[in-house]
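Hi,

Here is the structure I promised to pass on. Have a look at it first, and my notes follow underneath.

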Protein chains: 2
Amino acid sequence: MLRATMTVLAKTSAELSSESVRSLYNQLIVRVKEISHLEAASGLLQWDQEVMMPPKAADSRADQVSALAGLSHGLKSAPALGSILEELEKRQAIQDLSADLNPFEIANIRLSRKAIKDATSLPSELVKTIAALNSKSCNAWAEARKESNFAKFAPFLEEQIRTLREKVSYQMKAGICEEARKINEKARVSLGLKDDEKCYKGYYQALIDEYEPGFKEDRLQLLFNDLKKNIVPLIAKIKAKNFQHDNSFLQGDFDVAKQTAYSHRIAKEIGFDTDAGRLDVSTHPFTGGPHPTDVRMTTRYTANYMMEGLTSTIHETGHSLYEQGRNPEYYDTPVSQALSLGVHESQSLLWERMVGLSRQFWTYALPLLKEQFQEPSHQNLQAASAEQMYKAFNRVDPGFIRVEADEVTYPLHIILRYEIEKSLVEGDITVAEIPNLWNAKMKEYLGLDVTEDRLGCLQDTHWAFGLIGYFPTYTLGSIYAVQIFGAAKEAIPNLDEHLTKGEFHVLKKWLNENIHKQGSLRESGDDLIHHLTGKSLDSSLYVQYLTAKYTEIYDL
Amino acid sequence: MLRATMTVLAKTSAELSSESVRSLYNQLIVRVKEISHLEAASGLLQWDQEVMMPPKAADSRADQVSALAGLSHGLKSAPALGSILEELEKRQAIQDLSADLNPFEIANIRLSRKAIKDATSLPSELVKTIAALNSKSCNAWAEARKESNFAKFAPFLEEQIRTLREKVSYQMKAGICEEARKINEKARVSLGLKDDEKCYKGYYQALIDEYEPGFKEDRLQLLFNDLKKNIVPLIAKIKAKNFQHDNSFLQGDFDVAKQTAYSHRIAKEIGFDTDAGRLDVSTHPFTGGPHPTDVRMTTRYTANYMMEGLTSTIHETGHSLYEQGRNPEYYDTPVSQALSLGVHESQSLLWERMVGLSRQFWTYALPLLKEQFQEPSHQNLQAASAEQMYKAFNRVDPGFIRVEADEVTYPLHIILRYEIEKSLVEGDITVAEIPNLWNAKMKEYLGLDVTEDRLGCLQDTHWAFGLIGYFPTYTLGSIYAVQIFGAAKEAIPNLDEHLTKGEFHVLKKWLNENIHKQGSLRESGDDLIHHLTGKSLDSSLYVQYLTAKYTEIYDL
């Protein structure tokens, strides 16, 4: 089947300059959609790889994914697309496009330009180097982690840092990360560096930009300092109580088939549309898939601990509602995409924490859970109250592992990683110093003595994939979540009552309108929050939320 | 991730003419593999659509599949690829390529040339028309079938015929179906037609070529005449016995989970590699997926009739072994692909019939079946002998529906369709005449009175998809299967004994070497059979097989 795009021939600049803005925009969109369809196919291949693919297909799948990536790069680099964007840029410089296009359409021009620049800023040799490095580095990390031997992973991490710096240098030259370039220039001047002297100040800013576009590193630093200053003493207070809430009724033998049925039910009740998506199982839960009409999320179940499967499901449902809630009018164009990783995470955390960890939720969900698990072995569960569930699900318990952390200690796991990775990229510390630094910070922030790197600096896969600048989005997400939920509570009369009755559609609808459908219309998460609440992202609101909630739970 | 191919720049003819055959071949293969990776991705999308996809994704999936098809067409039409093939064609005309390339590699040149010609012979407008028509026509057929109202489907079938003729005309012009063109020319001369007078003789030959390359229509006619002449009286003889074997122990409540376990076990025992494929469930069983290392087959289970799920599984396992058995040295190139639909069907039918319907198989498989179904309700099954199973699975029972037909009546279902579709394409009958003609032939061949078109000419989806010339491959497959199994029996000492013990790997290995690994090395199925057995495809061997087997089963 041939596509309409096949007949869209490249036009000369002269031809383009005589066309209307609307016509130029339409031509842009035809090409953008073709790229989107291709990347959607890639999204399905990647979902399948995690959920369905048999092991011997690893190599052939890599070939397929890589072929699609090559073709997508080819479409993005097409001179004809570049010419259309250039012409639109020219128009934008001399006229107000809003006479011809609505704000979503104007955003599509900005976002397409950025995506094309991103895709074409790197030499293909470097792109291949990165792909090969990620694959090797990831294997090395897996082995190093198994043996708890950081030295095995260290050379690969060093190579990742070198490569990321090279990448950022190219991006700076291409004018992609202006903020980062300015920081770097300023530092060079203040340090009195010569042209051939290296300086990596500002490089972390460039990495943040990839995951949380438009978010400035000095703001991040302030937010994280404030969190650290307030959360470390909060944890100390909780610890000092020397008391823990009972959660024994959440342990025992929870039949996986029944957990599955329960999780599916909760996901559907929250609003996951199973006619436009699937919930399956994978080693690491994630939300992906090809399209807003086909959102694939996964979870994982542990037979002897029912909390994991359920919270993963609710978390991924939050991500999925964002994806399913994208604006159909702009499907397959960038403005319909999520604004940033942080905002995406805010949607999963809002449902996981603000809803799934609430008294209201358990008042509704506990009877359904009891219905599912009626065996004599679950008599403790049968006897538990919603209040007990609330407290069991909200235990604060400092531990080594980030993905198992509660919402109080979680930000410190992130801040620790942020501090280390930023210093690393900017050249203030070496890779060899990581384990000691990590362990010292774990002691300082959470009072824990790390005994093996497996439980410390080798626990996460992110660095092995070159994902540096990514961790902060988890905590930005928590702060966004608190502020967004606050706005929802103000806007929706009797929200608590609705949640108690399991009437989640009220909240979902509000999020659909105010977050999901907005897509990437705004320029940053800060922008979105400001537009919604009249305030920028504010760590003190998050601190207030934690303090109030846990003061009550632990009677501080 | 960028691919190596991105850096393979187009070269001028002058540059190409100074390169070695080996270098030209390598450049061809790089491009061919890129197309293969893309089509593999498409294969996964299509599998997912049938097995996993949620309903609301229908439109977005169509966009994705269509985008990949467009890109694939773009790669196939690339002038650089055309130049490489042209240069290789030039070389082939003046030198013996076998000094530089092995027979598989030489076949790759032939097959690539054909694939490129096929893909580029049609104007893109026509390709779009066909895609749109298939979609509309398929919907119309589904409705017509539901209402048993042929008139609703008739205009779409007429349009299909018109479009197919247009397609063949383009292909004849492009020199794709020389045999068909010759037949047409000869007919025009013998009928004394003028240039502007229409004549569709030979058009059916062109359609056969798509599914069974190199197979000539006069041979097909002879084979089918011979089958009809012999099978109609064989059925009459069986009917005259007025006796039926008991199969009541195959009915009743067969738990689907247990059927699934049994089917998976049998598929694995036969040799399906679950590390390089999956067995799932879909409405219509099929074998597909992206790659020989990732073969996706499906089956379907009926709770009250265990024969269906099992025979579908064995049938699809036969297809899958072909796919998994492709030559790894030539993965992602056309020579590793199956030779034809008929040969592919021979592999599914060989396992389904020669093995799955044999006494040997049931001697092995019945105890495993009894292990699975031990409920008191299955006491008849528990009491059944391998001999009874053999007879129950080999009942001859003329019926209206092709997909439910036994191996004796099946060829008549095909011959009926073949006769009708050939006359239709060549203009000897009109669409309106189909129902009467169908019903008359059903009466003549199987002695049945068709009461509704739903049970007659509306039962199959093929024509609605424009699949004309496809049906004969089912019966060619049965004949191939008998001859291939005959050759295997000659080559493998004690094959029957191996099958009785469930030692299927002996047969699988022989098929791997002699059929699967050979891929598309030979020019036609006839060629392959001749090479293997010293004989061409021979309907009398099939007749002998049926006659001997059913004379014994029905004591004729």
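Let me start with the sheet in chain B, bearing in mind that this is a predicted model. Three strands make up an open sheet there, in the order E1-E3-E2, and the pairing is mixed. The edges are taken by E1 (277–281) and E2 (287–291) of chain B; each has a single partner strand, so one side of each has no neighbour in the sheet. On average, neighbouring strands are turned by 20 degrees against each other, ignoring direction.

If you want to trace one pairing by eye, try E1(B) with E3(B) (residues 294–299): these two run parallel and are joined by five bridges. One place to look is B:Asp280, whose bridge partner in E3(B) is B:Thr298. A helix packs on this sheet as well: H12 of chain B (residues 306–324) touches E1, E2 and E3 of that chain, and its direction makes about 165 degrees with that of E3(B).

Now over to a pair of helices in chain A. H13 (residues 341–355) and H21 (residues 505–516) have axes that come within 12 Å and cross at roughly 160 degrees. Angles over 145 degrees count as roughly antiparallel, and that is why H13(A) is described that way relative to H21(A). The crossing is right-handed.

Which residues of H13(A) and H21(A) meet? From H13(A) they are A:Val343, A:Gln347, A:Leu350, A:Trp351 and A:Val355, and from H21(A) they are A:Leu507, A:Lys508, A:Leu511, A:Ile515 and A:His516. Sorted by class, this contact has seven nonpolar residues, two polar and one charged.

Cheers

Technical notes: Residues are numbered from 1 along each chain as its sequence is written. Chains are lettered from A and ligands numbered from 1 in the order in which they are written. This is a predicted model: local features need pLDDT of at least 70, side-chain atom pairs count only at pLDDT 80 or more; totals for chains, interfaces and linings use all residues. Side-chain values use heavy atoms; hydrogens and water are left out. Axes are lines fitted to C-alpha atoms, for helices over the stretch in contact, and angles run from 0 to 180 degrees between N-to-C directions. Helices (H or I, at least four residues) and strands (E, at least two) are DSSP runs, numbered from the N terminus. Angles under 35 degrees count as roughly parallel, over 145 as roughly antiparallel, 65 to 115 as roughly perpendicular and the rest as oblique. A crossing is left-handed if the near helix is turned anticlockwise from the far one by less than a right angle, and right-handed if clockwise. Contact means heavy atoms within 4.5 Å. Ala, Val, Leu, Ile, Met, Phe, Trp, Tyr, Cys and Pro count as nonpolar, Asp, Glu, Lys and Arg as charged, and the others, Gly among them, as polar. Two strands pair if DSSP finds at least two bridges between them.
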